[in-house]
Amino acid sequence: MIKDNQRILNQIHVVLDAVVTGLMYLFAWWFKFQSGLIDSGYALSKEYYFSALYIIIPVYLILYYQFDLYNSKRASGRKRELFNICKANIVGTIGFIVVLYMVNQPHFSREMIFFFGCFNVIMLTVERNFIRYVLRFFRKKGFNLKHILLIGYSRSAEMYINRIRMNPQWGYNIRGILDDIVEAGTMYKGIKVLGRIDNLSIILPENKLDEIVITLPLEAYGKLERIVALCEKSGVHTKFVPDYSEFMSGRMVTEDIQGLPVINIRAIPLSNAFNAAIKRLMDIVTAILGIVISSPVMLIAAIAVKTTSKGPLIFKQERVGLHNKPFYVYKFRTMYIKEELDEELKDKNWTTRDDPRVTKVGRFLRKTSIDELPQFFNILFGQMSLIGPRPEQTAFVEKYKEEIPRYMIKHQVRPGLTGWAQVNGLRGDTSIEERINYDLYYIENWTVGFDIKIMFLTVFKGLINKNAY
């Protein structure tokens, strides 16, 4: 029944997509040539433009299919769907223009094609969100449900149930759980353990299930092959939720090594050579620009540091960087040298609010982050990146890696001059655990756009910070 419903929904999608695509093409023609809003001068007839629809509509429907726009929307994200709509229309627009050049048709309006692509993205998004909300409305009311059975009571079973219960709009109805260890009748958030796994051979022939979800605990994985064989023999769609998901990141990545599936515990986009090269190129360009633009400020800061306190201009300190390799980070000196400090202050490490070791000029430099400007040279030399987790002192790394789970993952990317944690106010004497959570989110979700966002946030809210002292 569910498969029939999905087939009908896909057919409705195809029809609506065809209608929307055709209407947006006609609207783009009207907007360009009839609205009077822009210069309309055209050399081709209306009939010529309209005849292109016989090719455009089927080609665009094929593009939508290729970009996964006809998959089930039960638990799919709107952002991903919008991204796929944009990709399909970008490919379509570029392909359209290329074909016009190939057939030597210089009079077909490229501007109209661009308008068509923009209007089509907007209206397809509106159409698909409307369908999404309608489906979710009916699923909340109990229609178009997908009936599923869980095999195995485990942590992953509880997490799966939690997500289903939090999202009734997905339309999943969990009939119960089969397990050999947990006693029949045991309840978890309204879902009952129905009996032993052997009962599956009795339940499956009744043909009342749409999906089997295998949520076996780790110690029961020996039964997996037999269960999968039984499910596939019945023809019921089967899914597998691994009971080691707590060790995995939110964005699990799989690889195929000549037919052998390999699951990466953590997704790190910057482990991709192309992504790493793009980021490094951005770092070199921004480091050079940063040095040039900030050179007057650095000159004034250098004069202020040298004329107001004894000691070297630049303070360098060993930090831990990419792949746990130590390097020296450069800063303008903001503290008195040890010879000028009281005995009880000489061995103090962590900087705190109103720290007496910090000079008056140093306090201003720290507050405004000017003391960090020499790190543009660290970036240029490849020891750091403009954006990334802040590097920590070697002694603290040794301490935190024993105390904070996943702490060392931050060293799988270059440390940064600024980062996601810093623009969210986590600087100075703030929670290390919170910083690590923000750092890991950045590492697992890196994009060029994310880096640009952090750059802007650093300029507007990250340079001057109440926690920087």
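# A walk through the predicted model

A search of the whole structure turns up 2 cavities of 30 Å³ or more. Keep in mind as you click along that this is a predicted model.

**Stop one: the largest cavity**

Start by selecting Arg390, Pro391, Glu392, Tyr407, Lys410, Gln422, Ile432, Arg435, Ile436 and Asp439, which line the largest cavity. The space inside that cavity comes to about 90 Å³. Try colouring the lining by residue type: 4 of the residues are nonpolar, 1 is polar and 5 are charged. Which helix gives the most to this lining? Colour α15 and you will see: α15 supplies 4 residues.

**Stop two: Asp439**

Stay with the cavity lining and pick out Asp439, one of its residues. Asp439 sits in helix α15, which runs over residues 432-444. What is the nearest side chain of opposite charge to Asp439? Show Lys410, and you will find that side chain 4.3 Å away. A salt bridge here requires a nitrogen-to-oxygen distance within 4 Å, and Asp439 has no salt bridge, although Asp439 is buried. Now display what touches Asp439: setting aside neighbours within four places in sequence, the contacts are Pro389, Lys410 and Ala421. Lys410, like Asp439, also belongs to the lining of the largest cavity.

**Stop three: salt bridges**

Next, turn to charged pairs. Side chains of opposite charge can pair when their charged atoms come close. The whole structure holds 13 salt bridges, and here are some to select.

Begin with Lys146 and Glu211, whose side chains meet in a salt bridge at 3.3 Å, N to O. Lys146 belongs to strand β1 (residues 146-151) and Glu211 to strand β5 (residues 211-214), so this salt bridge ties together parts that lie 65 residues apart in sequence. Switch on a surface and look for the two residues: both Lys146 and Glu211 are buried.

Move on to Asp180 and Lys223, where the salt bridge spans 2.6 Å, N to O. This pair also links distant parts of the chain, 43 residues apart: Asp180 is in the loop between β2 (172-178) and β3 (187-188), while Lys223 is in the loop between β5 and α8 (224-234). Are these two residues buried or partly exposed? Asp180 counts as buried because its relative accessibility is 17%, whereas Lys223, at 27%, counts as partly exposed.

Now select Lys279 and Asp451, a salt bridge whose closest N and O atoms are 2.7 Å apart. The chain positions of these partners are 172 residues apart, with Lys279 in helix α9 and Asp451 in helix α16 (residues 448-462). Both Lys279 and Asp451 are buried. Before leaving the charged residues, select Asp17, Glu81 and Arg128 together, since salt bridges that share partners join these three into one network.

**Stop four: helix α11 and the loop before it**

Select residues 360-368 to bring up helix α11, where Val361, Gly362, Leu365, Arg366 and Thr368 are buried. What do these buried residues pack against? Show α9 (273-308) and β10 (326-332), and you have the two elements they pack against.

Step back along the chain to Pro356, in the loop between α10 (343-346) and α11. Pro356 counts as partly exposed because its relative accessibility is 47%. Draw a distance from the C-alpha atom of Pro356 to that of Tyr336: the two are separated by 8.9 Å and lie 20 residues apart along the chain.

**Stop five: backbone angles**

Finish with the backbone. Most residues other than glycine have a negative phi, and the next selections go the other way.

- Ser369, just after α11, takes a positive phi of about 65°.
- Lys189 is not a glycine, yet has a positive phi of about 50°. Look for Lys189 in the loop between β3 and β4 (191-195); at 47% relative accessibility, Lys189 counts as partly exposed.
- His323 is not a glycine either, and has a positive phi of about 55°. Look for His323 in the loop between β9 (314-320) and β10; with a relative accessible area of 54%, His323 is exposed.

How values were computed. Residues numbered from 1 in each chain as written. Predicted model: local features only at pLDDT ≥ 70, side-chain atom pairs only at ≥ 80, totals over all residues. Heavy atoms only, no water. Buried < 20%, exposed > 50% of the residue type's maximum accessible area, 1.4 Å probe, protein only. Contact = heavy atoms within 4.5 Å. Lys, Arg positive; Asp, Glu negative; His and termini not counted. 1 Å grid on protein atoms, 1.4 Å probe; cavity = no way out; pocket = protein on both sides within 12 Å on 5 of 7 lines; lining within 4 Å. Points joined across faces, edges and corners; volume = space filled by probe spheres on them. Nonpolar A, V, L, I, M, F, W, Y, C, P; charged D, E, K, R; others polar.
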